[in-house]
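Subject: Structure handover

Hello,

Here is the structure we talked about. My notes follow below it.

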Amino acid sequence: MENQEKLDEFQARIDAGEKIEPKDWMPERYRQQLIRMMSQHAHSEIVGMLPEGNWIERAPSLKRKLVLLAKVQDEAGHGLYLYSATETLGIDRSELVDQYLYGNAKYSSIFNYPTMTYADICAIGWLVDGAAIVNQTMLARSSYGPYSRANVRICKEESFHKKQGYEMLAKMASGTPEQQKMAQDAVNRWWWPSLMMFGPHDSDSPNSAELIKWQVKLKTNDELRQHFVDRMVMEAEAIDVTLPDPDLTYNEETGHWDFGEIPWDEFWNVVKGNGIMNRDRMKARRSAHENGEWVREAAVEYARKKKLREEKAS
Amino acid sequence: MSTATKELTKQEAFLTYLLRLADDRLILGQRNSEWCGHGPQLEEDLAIANISLDLIGHATALYEYAAEVEDEGHDEDHFAYFRDDREFTNLQLCELPKGDFGFTIARQFLFSAFSYFQYERLKEAQDEQFTGMVNKHLKEIKYHLRHSREWVLRLGDGTEESHNRIQESFDELWMYTDELFYMDEVDEWMIKEGLGVDSSEFKDEWKKLVEDTLTEATLTVPDWDQFMMSGSRKGIHTEHLGHMLAQMQFLRRSYPDAEWK
């Protein structure tokens, strides 16, 4: 029963900065919000393997091929422990996977953009992983214990990914004229989508207030986005790439960088499924799932037979 | 010991030996990496990416050493990105398309089992730099063998469908297995110098491991006496390799003067 007393008690724990653990009492709505957020995070890690995987086979040096493979492998790992963390809320991974392959569950829209050149891989490392780190550093202090711990681990690896992307982008930005052009073009295409990763403006974000009250999130979308912009302006300057926003100006009063209006029409359009790669991403994930069914069935059947043999033997 | 045209030097033989080892690993690693994001379950996405990473890592170390042995100022990327099909000496087994998951597993098992016996003996090579590499890679090869062997058992003794699928994969792959044991003047040189292994010494052990595993997996061991492919160590390949190289090398070759490391 969710009587007021219990809710107050729960809120008091949150306000005292205590972590909520799987066996603790929690409001049903808290559980549902976490399942939504955490599984969306997991799905994003998995779909995120596709745009980057697109360049593993064509990576321009053995070192870069290894770096990219390791990165994509890390993402599969993140997906795996985020699913496990979500399962602590009493839902099966298979159900979660079905929700995004055949239902309404979402993943981050950023992965519906195409990786057209190798510089996109570097820009993703710098901007997309950079944005993810800002978000996940906050989530590492989230009130739900398993989610908080998963994010601590993820952040460590993401920081490494970001560093690798940034370094290679810097190399390209100071490389041959073709490399410089490729690097700038990638930044031009990934800048705005990376700002969109923080979600709509606070005024258009229906879940924010509740999530902040429960300390699932500790900052609003706009606060996180501003933090990201401030950092990226400095980092862009350091490697001589231009951020494609003529309105970027330092605001002496606030101490932050003001930036232009995000193309929200494009954002909502991609969310609705009309990004260049939405259909391909879903097709690829569905076909991996469906083509793998016989393998998963075989593993289950083999385990069953093996157990039966062991029982007979004893 | 001598070829029709010229005498093979020890340096040339060692270079060729290292490149053969490296090419196998690069090409198989590259092929396996196609699974990234498309595996039958998340755990296998991780495992196959991990195996690819190991294989390409082994290839990179071998190419680096090959560049030292060659001593012409090349780096590891030279061998991967600036050679053509006829210069690649990887096994045809490694270049075949990835097929279904069972095909990938069957191939990995055959290859990893061979690598295991080969590297167990290469540990004794009279070259510390080389054996340092061999010892490090052997640990990972053991994991690849265990992982692929377990999946051969699961698929072979799983459902009727998985049994039939992996049986078909082994049947298809069989004619590419004889090349694992191919030896020529390069190997003779290396054996004489204490740097290489005589693969005929462990052929029976390898066959026994393969036969025992297939039998345990309730699979039929295909006929060892059937027609067997040959030529890969001399740069003769299926048409699949050229397409793989085109994809792998295009960016690097389009901008050869750029720094890509």
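For lining classes, Ala, Val, Leu, Ile, Met, Phe, Trp, Tyr, Cys and Pro count as nonpolar, Asp, Glu, Lys and Arg as charged, and the others, Gly among them, as polar. By that split, the lining of the second largest pocket has 8 charged, 4 polar and 3 nonpolar residues.

This is a predicted model: local features need pLDDT of at least 70, side-chain atom pairs count only at pLDDT 80 or more, and totals for chains, interfaces and linings use all residues. Residues are numbered from 1 along each chain as its sequence is written, chains are lettered from A and ligands numbered from 1 in the order in which they are written, and side-chain values use heavy atoms, without hydrogens and water.

More on the pocket. 15 residues line it (lining residues have an atom within 4 Å of a point on a 1 Å grid). Nearest its centre lie Thr16(B), Leu19(B), Arg83(B), Glu87(B) and Thr89(B). α1(B) gives the most to this lining, 5 residues.

Now the fold. Chain B has 10 helices and 0 strands (DSSP runs: helices H or I, at least four residues; strands E, at least two). The C-alpha atoms of chain B fill a box of roughly 55 × 40 × 35 Å along the principal axes.

Last, a helix pair. The axes of α1(B) and α2(B), residues 42-70, come within 8 Å and cross at roughly 160° (lines fitted to C-alpha atoms over the stretch in contact; angles run from 0 to 180 degrees between N-to-C directions). That makes α1(B) roughly antiparallel to α2(B) (over 145 degrees). Their contact holds 18 nonpolar, 6 polar and 3 charged residues.

Best wishes

Conventions. On a 1 Å grid over the protein atoms alone, a cavity is a set of points where a 1.4 Å probe fits but cannot get out, and a pocket is an open set with protein on both sides within 12 Å along at least five of seven lines; lining residues have an atom within 4 Å of a point. Angles under 35 degrees count as roughly parallel, over 145 as roughly antiparallel, 65 to 115 as roughly perpendicular and the rest as oblique.
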